[in-house]
Amino acid sequence: MKVLLVGDGARENALADALANSPKGYRVFAVSSYVNPGIKEAVERTGGTYYIGKPTDPESVRQVIKAVNPDFGVIGPEDPLFNGVADEFRKEGIPVVGASKNCSTIEKSKVWMRELMWKYGIPGRLRFRAFSSVEEAAEFIKEYGGSVAVKPAEQVGGKGVKVVADLQAYLSKEKRIALSKGVSAIGSYAKGSVKIIIEEKVDGPEYTLHVLSDGNVTLPLPLAQDYKHAYLHSIGPETGGMGSISGPGKLLPFITDEEYERSYDIVRRTIQAIEDTFKEKYVGVISGQMMLTGLWGPTIIEYYSRLGDPEASAIIPRIKSDFGEVLELTATGHLAKAKLEVEEAPSVVRAVAPRGYPLNKEMASNKRIWLDLPKMRELGCKVYFGSVALEGNSLVTKGSRALELVAVQPFEEADKTLNKCFSLVSSEIPLIYRRDIGITIAEQVEKAEIVRFTYKNREARGLLGVSADWSPQGGLW
Amino acid sequence: MAGIVGVLAFDKVWDVTKFVYYGTLGLQHRGYSYSGLSTLNEGFSTLRERRAPEDVEEDSLAQLHGWAGVGYSGNTEGIPVEGKEAVMVYDGVIKGDLPSIADSIARDPERALAELRGSASLIVLTKDGRMIGYKDDYGIKPLQMGGFGFDLAILASESSAFNVLGGEMTKELEPGEMVIIDVYGVQTKQVKEPRRAYCAIDIVYQSRIDSKVFGLDVYDVRVRIGEALAEERPINGDVVIGVPDTAIPYAIGYSRKLGLRLDLGFTRTGSPIRTMLAKDDFLKVVGVQLKLNPIKSSVKGKKVVLIDDSMVTGNTLKNTVFNLRRLGAKEVHVLIGSPKLISACPYGMEVPDSKELIAANLSDEEIAKVIGADSIYWLSVEGLKKAIGHSHLCLGCMTKVYPKVI
Ligand SMILES: Nc1ncnc2c1ncn2[C@@H]1O[C@H](COP(=O)(O)OP(=O)(O)O)[C@@H](O)[C@H]1O
Ligand SMILES: [Mg+2]
């Protein structure tokens, strides 16, 4: 059987591996925008062909579909989905793991997502305001009370979000001035007419629940947690994610079974709401990027219409059953037959990025890196290639997270394994690598415990999700 | 004695002046005779004042502006230290020419810090926008790092500063660890092997009870100290009273352990800082405040267990005991929530010389007589270690055993 994989990052490397390792013996074909060494290896190993094209462009992908004529497709990143690449597959009659253009709106538009949650009364929703004018957003920030998250109204790949805790009256002015100055930069990321979304700020540990949907049946994957801050010890600007953890089991140490079930329920209700709105089946992956908050318990921060990156690298290596086949069953509508066996041991993923990421793309691009792959594997470490291209015989950075190092082991062991692995990576530019990922479990357990007191109490009093802010100038919102 | 703070923004739309300022305010319990701020734009602007952060006029902050800055509240004049390439704030003692030390840290941080003489935690901000934090290998003074959202990196002595700013403390530096923060990264490096001799005074009374220092929740430790006192010296009193503010958690632990009644014994006139006229600098830290007015209903006709955090000359305590008796206390038994102070501190904590320390000069009976108490008892060194949970401590002022020669 032939499978065509679309995309070029570490997540796609993990997917390519899962497909190539499947006992079903898939031949893996792929289309990327540059030569990802990991995907290349999976393709060559299974006798496929590696196409260099434009994964985000339906026309370019269609040509590859025509050339390969695959039995099914798998789309990794969100941009192809937003542009209708999944619809191209289906037009050709080829089943695919990937939300349609319509369905991917759940990720593309953060405003549409919030409206949908309110319209269908789905738990875990937040108060929000949408702005088409940057000036109005700036005005709103200055006039209204309360802590806020200010974001581009669209998914732009982990940039532009500002979260401001404003409980300290004495610093309110400083914080609001900086934020309102920053608003035009935030708004400039959004291409559509709605530029900015402002949400009430919530607090608590974050986690992601990925769910496969074949249009009738859904299958939840083990939880994962993504680390957003660029630098060590959760300091620094927002990124697409500098690492992740998953497990043990299907949970995380700070999320209970009940919270898992509630999160799953939220995602299922959202799938129904999307299908109801578009009169279309949701076929692909939908992921609730969630936070356990005092306001709601499980709360939606945003949705992905695909697997998260770097969450995928934490989850896929923990699946003991044939994940390649699970993908096929998702595409073809036979998910009911799927078996999902999950490794009990947790995993830790740490990304390696060139200095300059995420604030200075030029600085982070076109730098050579070297690694001793056989030795890293010997140490028990998986290596997925991300924003790094094979050019001639060299690995050259493309400006984002170049590698994802994965260890499936108890957290403390994983920490040691990954550090050893990382010492086998070198570069002509200093590398960013968050040694703290996977070693702050106790802190997060405590954070979860704290918000759990609040949301359980709210629940008992029928106050889940009830909140408001007020200021003399702005009034109530 | 000092609180230090550094703030660096990843986006230059931020003016961090007020953040630095409020950071120092959240640390002024660590020492407040002098305060100072430096902010970085193209170059540095610096403000130094001979008063506590809370007494600095809003207007004088207006001359400062910048996307990074450092702040100081403490008992040493002339900080921030200003070199040609960097400014520096520190808590502890640094020997040598300070401006040129700041510059050499800016030029070659690892080497300069390895060669640093003295014992301190410090923050250096360089003209080219690097914020360098370092805690010396004995780790006598605390230093922590963390952030505010996706926008600011923060270094500060105590987590109280992070709380005041609405940020989050994520890591206490290891002894001997250096951190360099700039817009493009956070790097840490172990410059020297950690020796771990955390200042016991910092834990038992200098830090704020809402803080975490050296990985310990300060409030919890102090309640445990009260429990340890109860085990070592149980007194069947009618009421337990702690001297505000520091000794209240001790009293809570003591009364809870023995099932005794706890009452508030005092209220205060004026701000703990502003009314401070005492010559004895050490008293300022300890927070035994000048105008503590006792409450009659709490003590009249009662056998009182009075708990304080330390004793220097004994004068304040003498006053306190006298006041309690004046309001009708039948008996006053004094407990001190730390071992006897018998020797000066070479690392910047203002513990006076032995000759000024009552416990270094008189016997227990004599001291009880001087302060007018029915009995007096100090927490044992062992009890202190037990309450803290380990013995990686500097106890120099209590034992005359000093971990580091400087
Ligand atoms: N309403 C909110 N309250 C608190 N934190 C938030 C909120 N919205 C976003 N965040 C924080 O910002 C991060 C990025 O926001 P998100 O909506 O996921 O945007 P992106 O598309 O950039 O990932 C989240 O992971 C979370 O840490
Ligand atoms: Mg996100």
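Which side chains does a polar contact of 2.6 Å join? Those of Glu49(B) and Arg51(B), and they get their own panel below.

A few ground rules for every panel: this is a predicted model, where local features need pLDDT of at least 70 and side-chain atom pairs count only at pLDDT 80 or more, while totals for chains, interfaces and linings use all residues. Residues are numbered from 1 along each chain as its sequence is written, chains are lettered from A and ligands numbered from 1 in the order in which they are written, and side-chain values use heavy atoms, with hydrogens and water left out.

**View 1. Glu49(B) and its surroundings in strand β3 of chain B.** The strand covers residues 44-49 (helices, H or I and at least four residues, and strands, E and at least two, are DSSP runs numbered from the N terminus), and Glu49(B) belongs to it. With 13% relative accessibility, Glu49(B) counts as buried (buried means under 20% relative accessible area, exposed over 50%, partly exposed in between, using a 1.4 Å probe and protein chains only). Its side chain makes the 2.6 Å polar contact with that of Arg51(B) (a polar contact is a pair of N or O atoms within 3.5 Å; within protein, one must be able to donate a hydrogen and the other to accept it, and residues adjacent in sequence count only if both atoms are side-chain atoms). Setting aside neighbours within four places in sequence, Glu49(B) is in contact with Ser33(B), Tyr34(B), Ser35(B), Val56(B) and Ser60(B) (contact means heavy atoms within 4.5 Å).

**View 2. The magnesium ion (ligand 2) and its protein donors.** Gln289(A) contributes OE1 and Glu302(A) contributes OE, at 2.0 to 2.1 Å from the ion (donors are N, O and S atoms within 2.8 Å of the metal, or 3.2 Å for Na, K and Ca; water is not among the atoms, so sites may look incomplete). Gln289(A) sits in strand β16 (residues 283-293) of chain A and Glu302(A) in strand β17 (residues 297-304) of chain A, so the pair ties together parts that are 13 residues apart in sequence. Both donors are tucked away: Gln289(A) is buried at a relative accessible area of 6%, and Glu302(A) is buried at 7%.

**View 3. Leu179(A) in helix α9 of chain A.** Look for this residue in the helix spanning residues 172-188. Leu179(A) counts as buried, at 3% relative accessibility. Not counting residues up to four places away in sequence, Leu179(A) touches Ile141(A), Val148(A), Val150(A), Lys162(A) and Val164(A). Of these, Lys162(A) is 17 residues from Leu179(A) in sequence, with 7.6 Å between their C-alpha atoms.

**View 4. Helix α8 of chain B and what its buried residues pack against.** The helix runs over residues 248-258, and its buried residues are Pro249(B), Tyr250(B), Ala251(B), Ile252(B), Gly253(B), Tyr254(B) and Ser255(B). They pack against α6 (200-206), α7 (218-232), β17 (239-242), β20 (303-308) and β21 (331-336) of chain B. Just after the helix, Gly259(B) takes a positive phi of about 65°.

**View 5. Where domain 1 of chain A meets domain 3 of chain A.** Chain A is divided into domain 1 (2-98), domain 2 (127-200) and domain 3 (206-432), with bounds that come from an automatic or database domain assignment. The contact takes 33 residues from domain 1 and 31 residues from domain 3. Between them they bury about 2,400 Å², 66% of it on carbon and sulfur atoms (buried area is the accessible area, 1.4 Å probe, that two parts lose on being put together, summed over both). The rule finds 2 salt bridges across this interface (a side-chain nitrogen of Lys or Arg within 4 Å of a carboxyl oxygen of Asp or Glu). Arg306(A) and Glu78(A) meet in a salt bridge through their side chains, at 3.2 Å, N to O.

**View 6. The interface of chain B and chain A.** The chains bury about 2,700 Å² between them, with 64% of it on carbon and sulfur atoms. Val13(B), Phe150(B) and Tyr184(B) supply 30% of the area that chain B buries against chain A, more than any other three residues. The count here is 3 salt bridges. The side chains of Glu168(B) and Lys447(A) meet in a salt bridge at 3.6 Å, N to O.
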